Amino acid sequence: MYQFFVEPSQIKGDRAVVIGKDVNHIKNVLRMKPGDKIILKNGCDNRRYICQVAAMDESGIGCNVCSVEEGSGELPSKIYLFQGLPKSDKMELIIQKAVELGVYEIIPVMCRRSVVRLDEKKEKVRLARWQGIAEAAAKQSKRETIPQVINVMSFQDAIFYSRCAKVRMIPYELWEGMEQTRKIMGGLQPAEDVAVFIGPEGGFSEEEIQMAMEDGVLPITLGKRILRTETAGMTVLSLIMYHLESG
């Protein structure tokens, strides 16, 4: 069944309504008809509302709620991805895959070596597009909630913001030995929030690494090969997902 996100107010008792851009998608792209079933989620909890389409017009899709299930599409910990701002096409791929891998929040970070520089107008447009990509990926991967893409932060502000997480790590190409990587990954526990810092195309500067370490962010290595920024994030998130869900 196809899945869509709605506001909590759009589900009342045994009735639900879909409005907005999803109306066109359901009617004209998927060509669904009354009697077809869809999954609705309110983005606030783990409940899945199994609904049957009852009526449709240009203003909305009316549904009957057939049953309510407890979902299980979320990781047991909140994962914060602090992504050094790369070129826009790479950022879109990173957001899509990070959402599929269970990230809770994506924070674009303006690093010293970031090539892209966004003014206020461009940032607003990019954030809207990035959030749309996050929502589409959440639908596709049957997430219970839509991860948020936060406003672009400076590296210093990102370090401060990351203090909400109990475990903080930063892959660094000059860090040697897998012992710390194995220790951190192997020690991850459900309900412990995790912050991951990934550098832009040019990587983090030595000053940024030093600033992070002084604040308690732990450096790790991802092996002997140098990974692209879009690959590094996926690698770390995959490791975290494995360790959190293999218990």
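## Helix 6 and two pockets

Helix 4 (155–161) and strand 11 (167–171) are among the elements that cover the buried residues of helix 6. This is a predicted model, where local features need pLDDT of at least 70, side-chain atom pairs count only at pLDDT 80 or more, and totals for chains, interfaces and linings use all residues. Residues are numbered from 1 along each chain as its sequence is written, and side-chain values use heavy atoms, without hydrogens and water.

Which residues of helix 6 are buried? In helix 6 (residues 206–214) they are Glu-208, Ile-209 and Ala-212 (buried means under 20% relative accessible area, exposed over 50%, with a 1.4 Å probe and protein chains only). These residues lie on the same side of helix 6 because they cover an arc of only 100° around the axis. Glu-206 and Glu-214, on the other side of helix 6, are exposed. After helix 6 comes Gly-216, with a positive phi near 100°.

Now for the pockets (on a 1 Å grid over the protein atoms alone, open sets of points where a 1.4 Å probe fits, with protein on both sides within 12 Å along at least five of seven lines; lining residues have an atom within 4 Å of a point).

| Pocket | Volume | Nonpolar lining residues | Polar | Charged |
|---|---|---|---|---|
| Largest | about 400 Å³ | 10 | six | six |
| Second largest | about 250 Å³ | six | four | five |

Of the 22 residues lining the largest pocket, Glu-173, Ile-226, Leu-227, Arg-228 and Ala-232 lie nearest its centre. Helix 7 (residues 229–245) gives the most to this lining, with three residues.

Definitions and conventions
Grid points are joined across faces, edges and corners, and a volume is the space filled by probe spheres set on the points. Helices (H or I, at least four residues) and strands (E, at least two) are DSSP runs, numbered from the N terminus. Ala, Val, Leu, Ile, Met, Phe, Trp, Tyr, Cys and Pro count as nonpolar, Asp, Glu, Lys and Arg as charged, and the others, Gly among them, as polar. The arc is that of the directions from the helix axis to the C-beta atoms. Contact means heavy atoms within 4.5 Å.
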